[in-house]
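Work through the exercises below with the sequence and the structure open side by side, and try each task before reading its solution.

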Amino acid sequence: FFQAEDGIRDLVRSRGLGDVYKRQNLYNRDLDLDLDLQLDLPRGQSPQIALDGRFRNIRSGRIPDYLPRDVLGPETLAWLDRALPDSGGFVPGGEVRLHGDLGRFPHYDDGSGLFEVRFAFRDLKLDYAKGWRPAEQLHGELAFLNNGFSGRIDGGSIRGVPLREGWIAVPDFDLPRLDVRLALEGKVESMLGVLRDSPLIKDRTTFDTARMTGPATLSLRVDLGLDRRDTRPDQGAGWIDLHGTRLAALDHELERIEGRLHFVNDRLDARDIRARYLGREARLSVDSEPRGEALAYRIGLDTRTEASTWLASRSPWSARLPGEFPVHAELLIDVKGPRGRAVGLALQSSLEGLAIDLPAPFGKAADEARPTEARLTWLDGRLEDLHLAQPDLLDARLALEDARVQSGHVVLGGGRSGPLPGKDHCSSRGACTASTSPNGSPCSTPRRARRRPCPAGSTCAPTWAA
């Protein structure tokens, strides 16, 4: 640009103040520029300019060096210097226009002038935000317009995930704030990797107990401050659209998942996600619950099921438990505590539709409601606790280790189970209201077992509950 400066200085010296017109070709190792320039230099007033140019063959990493650095400010320049130096991209051509009062440059949003640099790009790598995986192999168009810039992205990838389209902008260089909007399409596990590796996720082990696979689309908006004076919090938000994906967690699988999962930073929510669970239609919901500075996640599921689905193949109990009944399940993924991460599963059902062919008081007709709740707790992937409750009939709490009962407390006929006894002990209280227990033997008076919990052949609660 020293070539242009020397040419304009020569014109001003030869003609004095007034109209100056210059057509010039400028070039160096970074670009080739054809320039039409007209200046009006009135005495005592700000110069008026009309500049139109066309440039070719630019290395994208050198773009920041040709921008008005005094106008952009240090924060925007620092972002450009970080985002573009290793871009490796290519700009085949573009246009530059500057019309208006140079004294007001580049603040022409009132229509009094125009500053615009617009160019296409391809094979660009953009390190758009600290802590985020860079976008690669980008192609599209960028435009610096007056006191800001914006860009359209027509394709590329992030972490191997195809980038269908996107948009990036710093609307105001005076208080620069980066606005990035991206739409990705591909494998949901790769998209979750993009989010998990980002600053959005504070605890990247939260969902280690679950694995999701299959097709999905991700719509992401990242809003980041570039100026220390900007006190607004940074934010990443968007949604994942699931298109027949699969979720596996705690030895259970959900298939053909369809719906939208919304997120703001690491806060998740969803309603009426459709899925198949154990061969039946199911509805899912997702909520986030604050735990101090961290978040726990609650996943709800509503479906219908049969007892035979949960029993071993050819189990004799299948004939005694016919019928279909509703189930509501809630999976709570809690924050990590001193002993590890607790995951709780609560199952609730009225059992309406299920017939129970057992002696009273345990048996019931299919149209009879019997509210039932089971709660299971895992700690770092190990099942540790089971609580089963049927009001006025049974309340049992069992401690488990390696899927074996270690201790338990069972209450029959009403009341709630108390604290668990020590390891290798179980206790029971209460009595059956009928003459026989579930295994057909006479009911004894309340007894207390002081041996390995629920040994085979014992009567009433300990054996049956286990």
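The exercises that follow concern a predicted model and deal with a pocket and with backbone geometry.

**Exercise 1.** Determine how much space lies in the second largest pocket, which residues are closest to its centre, and how its lining divides by residue type.

Solution. The space in the second largest pocket comes to about 1,200 Å³. Among the 33 residues that line this pocket, those closest to its centre are Leu311, Leu321, Thr372, Ala374 and Leu388. Elements that give two or more residues to the lining include helix H5 (307–310), strand S19 (372–379) and strand S20 (382–390). Sorted by type, the lining holds 25 nonpolar, six polar and two charged residues.

**Exercise 2.** Locate the cis peptide bonds that precede proline 106 and proline 361.

Solution. Phenylalanine 105 and proline 106 are joined by a cis bond with an omega of about -5°, and proline 106 sits in the loop between strand S4 (90–101) and strand S5 (114–126). Alanine 360 and proline 361 are likewise joined by a cis bond, with an omega of about 5°, and proline 361 belongs to the loop between S18 and S19.

**Exercise 3.** Are arginine 159 and aspartate 392 buried, partly exposed or exposed?

Solution. Begin with the backbone: arginine 159, in the loop between strand S7 (148–158) and strand S8 (161–170), has a positive phi of about 55°. Aspartate 392, in the loop between S20 and S21, has a positive phi near 65°. Then compare accessibilities with the cut-offs, where exposed means over 50% and buried under 20%. Arginine 159, at 31%, is therefore partly exposed, whereas aspartate 392, at 69%, is exposed.

Terms used: Residues are numbered from 1 along each chain as its sequence is written. This is a predicted model: local features need pLDDT of at least 70, side-chain atom pairs count only at pLDDT 80 or more; totals for chains, interfaces and linings use all residues. Side-chain values use heavy atoms; hydrogens and water are left out. On a 1 Å grid over the protein atoms alone, a cavity is a set of points where a 1.4 Å probe fits but cannot get out, and a pocket is an open set with protein on both sides within 12 Å along at least five of seven lines; lining residues have an atom within 4 Å of a point. Grid points are joined across faces, edges and corners, and a volume is the space filled by probe spheres set on the points. Helices (H or I, at least four residues) and strands (E, at least two) are DSSP runs, numbered from the N terminus. Ala, Val, Leu, Ile, Met, Phe, Trp, Tyr, Cys and Pro count as nonpolar, Asp, Glu, Lys and Arg as charged, and the others, Gly among them, as polar. Buried means under 20% relative accessible area, exposed over 50%, partly exposed in between (1.4 Å probe, protein chains only).
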